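Work through the following exercises with the sequence and the model at hand, and try each task before reading its solution.

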Amino acid sequence: MAKQIEVSRIFNAPVEMVWKVWTDPELVKRWWGPKHFTAPVAKIDFRVGGKSLVSMRAPQEFGGQEHFSIWEYVEIIQHISIEFIQRISNENGEAIPPASVGLPEDFPLAVNTIVSFKIIDSNKTEMRITEQAEFGSISNFAQLGLEQTMEKIVAIFN
């Protein structure tokens, strides 16, 4: 089973704009979650030791349930990298076992996430998202979800 999944894209945008998709709650709401999912909640506490609360809501044809996650920031190096730990949570931002909300028993309790930025030139930035965890039976879905999320970020810049 996958222990690391990764996606990267090059954006025709300066690093400041690409960085902002992680710090501006209204932008996070536009890309968090796979294709056809929405993100009604994005409370961002962007600082080392801070904890953001985000949600993703499935489309009605997939049941319409809303799942919450917290991102606990470990390291932030402005315009270079963001490292945080993702955990499934309740709507109050308290970590909960993923199985308690119907996710598979082997769904990871924590996903270490590293977002790195590489300035190619003044108007071109590469962003790479790396997730590390014991993904268990969801490893293919995790990779697909991450790729779909990246496509939603790409759409912000088109």
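**Exercise 1.** Determine which strands helix α3 lies across, and the angle at which it runs to β1.

Solution. Helix α3 covers residues 139-156 and lies across β1 and β7, running at about 15° to β1. Helices (H or I, at least four residues) and strands (E, at least two) are DSSP runs, numbered from the N terminus; axes are lines fitted to C-alpha atoms, for helices over the stretch in contact (heavy atoms within 4.5 Å), and angles run from 0 to 180 degrees between N-to-C directions. The model is a predicted one, in which local features need pLDDT of at least 70 and side-chain atom pairs count only at pLDDT 80 or more, while totals for chains, interfaces and linings use all residues. Residues are numbered from 1 along each chain as its sequence is written, and side-chain values use heavy atoms, with hydrogens and water left out.

**Exercise 2.** Establish the strand order of the sheet, and find which strands are at its edges.

Solution. Taking two strands as paired if DSSP finds at least two bridges between them, one obtains an open sheet of seven strands in the order β1-β7-β6-β5-β4-β3-β2, with antiparallel pairing. The edge strands, each of which pairs on one side only, are β1 (4-11) and β2 (42-43). Helix α1 (residues 15-23) packs on this sheet, where it touches β1, β4 (66-77), β5, β6 and β7 (124-132), and its direction makes about 165° with that of β6. Within the sheet, six bridges join β5 (residues 81-89) to the antiparallel β6 (residues 111-121), and Phe84 stands opposite Thr113 in β6.

**Exercise 3.** Identify the salt bridge partner of Arg9, and explain why the pair ties together parts that are far from each other in sequence.

Solution. A salt bridge requires a side-chain nitrogen of Lys or Arg within 4 Å of a carboxyl oxygen of Asp or Glu, and the structure holds eight of them. The partner of Arg9 is Glu151, with 2.6 Å from N to O. Because Arg9 lies in strand β1 and Glu151 in helix α3, the pair ties together parts that are 142 residues apart in sequence. Arg9, at 26% relative accessibility, is partly exposed (buried means under 20% relative accessible area, exposed over 50%, partly exposed in between, with a 1.4 Å probe and protein chains only), and Glu151 is also partly exposed, at 39%.

**Exercise 4.** Decide whether Glu126 is buried or exposed, and find the network to which it belongs.

Solution. Glu126 has a relative accessible area of 16%, so it is buried. Its salt bridge with Arg128 has closest N and O atoms 3.0 Å apart, and Glu6, Glu126 and Arg128 are linked in a network of salt bridges.
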